[in-house]
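Let's look at a structure together and ask, step by step, how each description of it is earned. Keep the picture open while you read.

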Amino acid sequence: MSGKKLLLLNGSPRKSGTSYSFARTMKQLAESFGNDVEIIHAIDYFDGKEKIEHLSQLIAQNDIIAMSAPVYADFLPYHDIWLLEKLTEECAKELKGKAFFAVGQCGFPDITRIEPLIDACRFFAEDTGMNWLGGLAYGGGPMINGALLEDIGKKGEKITSGFRLALENVFKGEKISIDAQKCITMDIPPIMYWPLVIFMNQMTKKQAREAGNVDYTKKVYLE
Amino acid sequence: MSIVILDAMEGSNSISDKLKERMLQKSKELSHFELRDMKILPCRSCGVCGFKSPGKCVFKDDMHEILYAMAKSSTIVLLAPVRFGGYPSSLKKAVDKFALMALPSYTVKHGHMVHPARYGSKMLIGIGVQGQASKEREESFKRLVENNALNGQFEHKSVVLNASDDMNEIEQVIDNLLKGVC
């Protein structure tokens, strides 16, 4: 399980948000198993701060590639799809045969909302001849809001243990197990959605008051 | 009633032309946006559109023109090649900004938590085009349209066409898809 090289792509435009926090914990865990890990930010390639040739070289140097990304409008964010398209066009030779897995997170507790993101990563792996090792889905990313997992108590411990199980699979070349997913799944029964909504709407109103009593329901594009 | 087409097809093609022709028969108020030519900046998750500038992105790009049309529309059509079982970047650059069509508060619809719609309900139509037929990717594309509709609290319809299909067949599929629209 040691001596491998893992390249983690932070798929969020935020460089210290929840997707990055997840990547950071996976880096620590993988390094504790004796592997080399590097985290890079997909947005830097979109913005032209880094060159695709650089990423191509990194991919060639690594055994396993992973994407940790937020759900934007039910799918990977625009800049991540742009990057996967670029990689498909320009780095097919480097990607072929490498292992690939993904971690998606979204604002709602229901993890089925993350499935299209995970599927997109699987289809990307298929298109490029990579070895798809599966994905993990976390519902409730904004509740973490970029916090370090070691700072958020039991919730952070559960997610970390899920990542540990997933990485044990990945470094053995196995598909990520359902047990890893079970560890990170928040079991909020749908009957609890309304109380949660009432609580979150109170938070929304508080934020609006703090911003100067703004009317957040404005129909700005009809004015 | 007005219709918005977000067209992410690559270059001139008969599917876009046919769709536009059929939509013009449905409504004279048609806004056809060819996304490949439009400058739409990526969402940076800055959060400004929540409370500082409610419902409006602070970036100056072509998305505002699309959002003015979408806000008053009754039907939004997404037309794009299927990429990784979903939308290509050329369409996703616009779809990421659909968040502006919703409020920052929460509600429950159809057993799911969602953000309430800012501009009321609409019909969302997704048309994907595949180079090579794949049932799995077709299903994935349709599920993405369904999820977008759930988030927007829209009605929805979707179809995946094969680029190699006969144009008469494609016409029929488009006609069936547009039945009852507007």
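Q: What is the bridge partner of Leu7(A) in S2(A)?
A: In this predicted model, Leu7(A) is bridged to Glu38(A) of S2(A).

Q: What makes S1(A) and strand S2 (residues 36–41) of chain A a pair?
A: Two strands pair if at least two bridges are found between them. Six bridges join S1(A) to S2(A), so the two strands count as paired. They run parallel.

Q: Why is strand S1 (residues 5–10) of chain A called mostly covered?
A: A residue counts as buried if 20 or more other C-beta atoms lie within 10 Å of its own. Five of the six residues of S1(A) are buried, so "mostly covered" is a fair description.

Q: Why is Lys98(A) called partly exposed?
A: Buried begins at 20 other C-beta atoms within 10 Å, and exposed means 12 or fewer. Lys98(A) has 18, so this residue falls in between and is called partly exposed.

Q: Where is Lys98(A) found, and which residues does Lys98(A) touch?
A: Look in the loop between helix H5 (92–95) and strand S4 (99–106) of chain A. Leaving aside residues up to four places away in sequence, the residues touched by Lys98(A) include Ile59(A), Asn62(A), Asp63(A) and Met130(A). Gln61(A) is 37 residues apart from Lys98(A) along the chain, with a separation of 10 Å between their C-alpha atoms.

Q: How do you know whether the radius of gyration of chain A agrees with that of a compact globule?
A: For 223 residues, a compact globule would have a radius of gyration near 17 Å. Chain A has 18 Å, so the two agree. Its C-alpha atoms fill a box of roughly 55 × 40 × 25 Å along the principal axes, and 43% of its residues count as buried.

Q: What is the secondary structure of chain A?
A: Chain A comes to ten helices and five strands. Of its contacts between residues at least 6 apart in sequence, 76% join residues at least 24 apart.

Q: What makes S2 and S7 of chain B edge strands?
A: The open sheet has five strands in the order S2-S1-S3-S6-S7 (chain B), with parallel pairing. Strand S2 (30–34) and strand S7 (155–162) of chain B each pair on one side only, and they are the edge strands. Ignoring direction, neighbouring strands of this sheet are turned by 15 degrees against each other on average.

Q: How do you know that strand S3 (residues 75–81) and strand S6 (residues 123–130) of chain B pair?
A: The cut-off is at least two bridges. Seven bridges join S3(B) to S6(B), so the requirement is met. One of the bridge partners in S6(B) is Ile127(B), which is matched with Leu79(B).

Q: How many residues of chain B are in contact with chain A?
A: 45 residues of chain B are in contact with 44 residues of chain A. H5(B) supplies the largest share of the side of chain B that touches chain A, with seven residues. That side divides into 20 nonpolar, 14 polar and eleven charged residues.

Q: What confidence does the predictor give to chain B and to the complex?
A: Chain B averages a pLDDT of 94, and 99% of the residues score at least 70. The complex has an ipTM of 0.96 and a pTM of 0.96.

Technical notes
Residues numbered from 1 in each chain as written. Chains lettered and ligands numbered in written order. Predicted model: local features only at pLDDT ≥ 70, side-chain atom pairs only at ≥ 80, totals over all residues. Contact = placed C-beta atoms within 7 Å. Helix = DSSP H or I, 4+ residues; strand = E, 2+ residues; numbered from the N terminus. Nonpolar A, V, L, I, M, F, W, Y, C, P; charged D, E, K, R; others polar. pLDDT = per-residue confidence, 0-100. Axes fitted to C-alpha atoms, helices over the stretch in contact; angles between N-to-C directions. Rg over C-alpha atoms; globule rule 2.2 N^0.38 Å.
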